2 protein chains.
Amino acid sequence: MEPRISLITLGVTDLPRAIRFYRDGLGFPTKAKDDADIAFFNTTGTKFGLYPLDKLAEDISPSTPTTRSQFSGITLSHNVRQKEEVAQVLALAESAGGRILKPAQDVFWGGHCGYFVDPDGHHWEVAWNPHFPLAADGSLIIDG
Amino acid sequence: MEPRISLITLGVTDLPRAIRFYRDGLGFPTKAKDDADIAFFNTTGTKFGLYPLDKLAEDISPSTPTTRSQFSGITLSHNVRQKEEVAQVLALAESAGGRILKPAQDVFWGGHCGYFVDPDGHHWEVAWNPHFPLAADGSLIIDG
């Protein structure tokens, strides 16, 4: 098994709303129209998909629950190049219909971060991390 | 905002168990030892992290629940180069302590897929998708 996550798929309760949030609000590139059955986004590195929550659950197995608790136990992070971009991205997410859970702030490990949730309550961290530089294409460089 | 997910972090209830599953079981590269406080994996594309669930929730806000429903509404996909690798990766995940939810099978959109959960119940799809070729480094190529 080669070490990679190829695609992240979020299950959503209102697919057109979710497409508009990511495509129009955050500017993620996709060919998906509002009435798409599924949406794929051409993100750098791991790709990103949106699919109705009930269909995503059914794709796993008929017994997968279609209800989610308030916290999935998963965070998706978007790392930025400059410290001041953290607040800018949080403001963009809010203007697109997201909700800020943690405003941009300095944090104990030396970075500057905040969190928002998308319209379905999926958690995103926005982070400036001086320990993890960004490659030219925006990918994180982790000496892991 | 540039279109990318930099890092995926899974909240886990037993960090050494999770590190062993991904590092020793699946072979994901990391410098993290069993007693690490957090683990980062040098995956191709988006990076991958493990952190205690309660600390991940606290990092978002003190009011974030630390319990998860059975389905987060998020799937992480690992795409393979050859159809027969789907069953091989599922078997590897099972031998490492995961649980197969959907054995390798042909699916309606023309691919060959299965699902497993890791020891914390996070959902992984293993997929061979003839519509999404893999680049030399293993990244998905999506005409999105």
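This note covers the fold, dimensions, surface and core of the predicted model.

1. In this predicted model local features need pLDDT of at least 70 and side-chain atom pairs count only at pLDDT 80 or more, while totals for chains, interfaces and linings use all residues. Residues are numbered from 1 along each chain as its sequence is written, chains are lettered from A in the order in which they are written, and side-chain values use heavy atoms, with hydrogens and water left out.

2. Chain A contains three helices and seven strands (DSSP runs, H or I of at least four residues and E of at least two), and along the sequence these follow the pattern β-α-β-β-α-β-α-β-β-β.

3. The radius of gyration of chain A, taken over C-alpha atoms, is 16 Å, which agrees with the value near 15 Å for a compact globule of 144 residues (2.2 Å times the number of residues to the power 0.38). Along the principal axes, the C-alpha atoms of chain A fill a box of roughly 45 × 40 × 30 Å.

4. Of the 144 residues in chain A, 53% are buried, meaning under 20% relative accessible area with a 1.4 Å probe and protein chains only. Among contacts in chain A with a separation of 6 or more, 50% join residues 24 or more positions apart, a contact being heavy atoms within 4.5 Å.

5. The largest nonpolar core (buried Ala, Val, Leu, Ile, Met, Phe, Trp, Tyr and Cys residues joined through side-chain atoms within 4.5 Å) has 53 residues, of which Phe48(A), Leu50(A), Phe48(B) and Leu50(B) touch the most other members. Leaving aside residues up to four places away in sequence, Leu50(A) touches residues including Leu10(A), Val12(A), Ile38(A) and Phe41(A).

Key. Buried means under 20% relative accessible area, exposed over 50%, partly exposed in between (1.4 Å probe, protein chains only).
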